[in-house]
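Reader: Could you take me through one part of this model up close? Pick a spot, stay with it for a while, and then show me how the rest fits around it.

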Amino acid sequence: LVLAVPLTICLIVLGRHVGRLEFLDILLGNRPALPAHELLYQRLLAGDPHEVAWRAQEVLRERSLISYYDQVMLPGLRRAHLDIVRGAVAGERLECVIRSAREAIALLAERANARPTLTAASGETAAAVEQISDTSTLDRLAKLDVARAPKERRIALLHGDHPLDELPTLMLAQVLRSFGLPVEVARLSTLHECPLHGDARPWLVFLSYMEPLSTLHLRAASIAVHRHLPNACVALCLWQEMDEGNLSALRGRLRVAAIANTTLEAVEAAIISPLRRPAEAVAA
């Protein structure tokens with residue numbers, strides 16, 4: 001009995017730091033077997049947005065919202081997209097995932113300053129906090145001159161028609177509003193309803209897609225925005241993981257100011273791109 005506890009702790013430590021013995025940490029430790037984004041997706045499938053929001057609030061006591069979105073919520077949506085593509089999630093299950101994710105994102109905005117009901121951090125929260133790296137995010141945000149961003153000029157976030165396209169768009173809108181930037185979210189199909197003149201005219205337009213699209217489709221969408229809003233700066237949000245080679249090829253083929261794969265990259269583009277003159281934005 002005296003040796004049982006220290007020996008168990010030694011096995012857990014070995015499992016945590018030796019790859020081949022990872023199963024010991026899973027069997028004997030108090031950490032969840034699934035990573036944070038898989039647990040989030042599991043709760044979305046179960047239709048439990050309140051649990052998602054409260055767990056997120058626990059994590060947000062130690063990590064930034066942008067890091068949580070980029071390293072937990074976004075990978076969870078990518079996981080959902082894989083199941084949708086292979087037909088495992090459709091119909092009512094798909095509607096449940098979308099509805100739950102939309103409600104969870106809204107609850108995170110409402111409870112930004114609320115304290116979680118759970119008083120002590122659970123093993124799941126500790127694992128999620130350890131999984132999320134916040135240093136690089138905070139360093140990049142510190143380099144942005146948010147005060148110079150023209151907060152009187154509106155940003156339009158236009159998402160595609162895929163069921164998941166709206167969700168990362170709502171996440172980006174929430175983050176941008178936290179920086180004091182005026183944002184509107186709409187479907188790309190409603191582009192003709194965007195005002196062309198006056199203060200309500202978008203200065204920056206993001207085209208937001210979770211579903212991978214062809215280069216021709218993306219180019220047609222950016223050209224349509226340029227025709228409707230000739231002085232606007234157009235950027236792309238492609239929420240799938242892409243290597244630098246594919247991104248460089250897209251930048252060479254598409255007439256856009258920036259291409260973002262994460263919320264952080266989109267925030268950087270939103271703050272930096274509007275500082276250009278309209279002629280420079282169109283030329284990009």
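Author: Let's start with the side chain of Thr-262, which has a polar atom 3.2 Å from the backbone nitrogen of Glu-265. Keep in mind that this is a predicted model. Thr-262 sits in the loop that runs between strand E5 (258-260) and helix H12 (263-272). Leaving aside residues up to four places away in sequence, Thr-262 touches Asp-70, Leu-74 and Trp-239.

That last neighbour is worth following. Trp-239 is also a loop residue, placed between strand E4 (233-238) and helix H11 (244-253). With a relative accessible area of 0%, Trp-239 counts as buried, because the cut-off for that class is under 20%. The list of what Trp-239 touches, again without residues up to four places away, includes Asn-261, Thr-262 and Thr-263. The Asn-261 link shows up in the backbone too: the C-alpha atoms of Trp-239 and Asn-261 are separated by 4.8 Å, though the two residues are 22 apart along the chain. Leu-74 turns up among the contacts of Trp-239 and among those of Thr-262. Trp-239 also touches Arg-78, Pro-168 and Leu-172, among others.

Now look at the side chain of Trp-239 itself: a polar contact of 2.7 Å joins it to the side chain of Ser-208. Trp-239 touches Tyr-209 and Met-210 as well, and this stretch leads us to another residue, Asp-165. Asp-165 touches Ser-208, Tyr-209, Met-210 and Glu-211, along with His-159 and Gly-160, not counting residues up to four places away in sequence. A polar atom of the Asp-165 side chain lies 3.4 Å from the backbone nitrogen of Glu-211. In the chain, Asp-165 is found in the loop between E1 and H9.

Here's the curious bit about charge. Asp-165 is buried but has no salt bridge, and the nearest side chain of opposite charge, that of Arg-187, is 6.8 Å away. A salt bridge here needs the nitrogen within 4 Å of the carboxyl oxygen, so the 6.8 Å to Arg-187 leaves Asp-165 without one.

Who does Arg-187 pair with, then? Its salt-bridge partner is Asp-161, with the closest N and O atoms 3.2 Å apart. That pair ties together distant parts of the chain, 26 residues apart: Arg-187 belongs to strand E2 (residues 183-187), while Asp-161 is in the loop between strand E1 (154-159) and helix H9 (166-178). Asp-161 counts as exposed at 56% relative accessibility, whereas Arg-187 is partly exposed at 38%.

Elsewhere, salt bridges join up into something bigger than a pair. Arg-43, Glu-51, Arg-55, Glu-58, Arg-61 and Glu-124 are linked in a network of them. Take Arg-55 and Glu-58, whose closest N and O atoms are 3.8 Å apart. Both residues are in helix H4 (residues 49-60), three residues apart, or about one turn of the helix. Glu-58 has a relative accessible area of 1%, so it is buried by the under 20% cut-off. Another bridge in the picture runs between Glu-51 and Arg-43, with the closest N and O atoms 4.0 Å apart. Arg-43 is buried at 16% relative accessible area, and Glu-51 counts as partly exposed at 25%. In total, the structure holds 14 salt bridges.

For a change of scene, head to the surface near the start of the numbering. Leu-11, Leu-14, Val-18, Phe-23, Leu-27 and Leu-28 form a nonpolar patch there, with about 530 Å² of accessible area together. Helix H1 (4-17) and helix H2 (22-28) each supply at least two of its residues, and H2 gives the most, with three. Val-18 is in the loop between H1 and H2. The relative accessible area of Val-18 is 34%, which makes it partly exposed.

Stepping back, the protein chain has 13 helices and five strands. Of its 284 residues, 47% count as buried. The accessible surface comes to about 14,400 Å², and 55% of that belongs to carbon and sulfur atoms. Links across the sequence, like the one between Trp-239 and Asn-261, also have a chain-wide counterpart: among contacts between residues at least 6 apart in sequence, 78% join residues at least 24 apart.

Terms used
Residues are numbered from 1 along each chain as its sequence is written. This is a predicted model: local features need pLDDT of at least 70, side-chain atom pairs count only at pLDDT 80 or more; totals for chains, interfaces and linings use all residues. Side-chain values use heavy atoms; hydrogens and water are left out. Helices (H or I, at least four residues) and strands (E, at least two) are DSSP runs, numbered from the N terminus. A polar contact is a pair of N or O atoms within 3.5 Å; within protein, one must be able to donate a hydrogen and the other to accept it, and residues adjacent in sequence count only if both atoms are side-chain atoms. Contact means heavy atoms within 4.5 Å. Patches are made of residues with over 30% relative accessible area and no salt bridge: like charges are joined within 9 Å, nonpolar side chains (Val, Leu, Ile, Met, Phe, Trp, Tyr) within 5 Å. Accessible areas come from the Shrake-Rupley method with a 1.4 Å probe; for residues, only the protein chains shown count as cover. Buried means under 20% relative accessible area, exposed over 50%, partly exposed in between (1.4 Å probe, protein chains only). Lys and Arg count as positive and Asp and Glu as negative; His and the chain ends are not counted.
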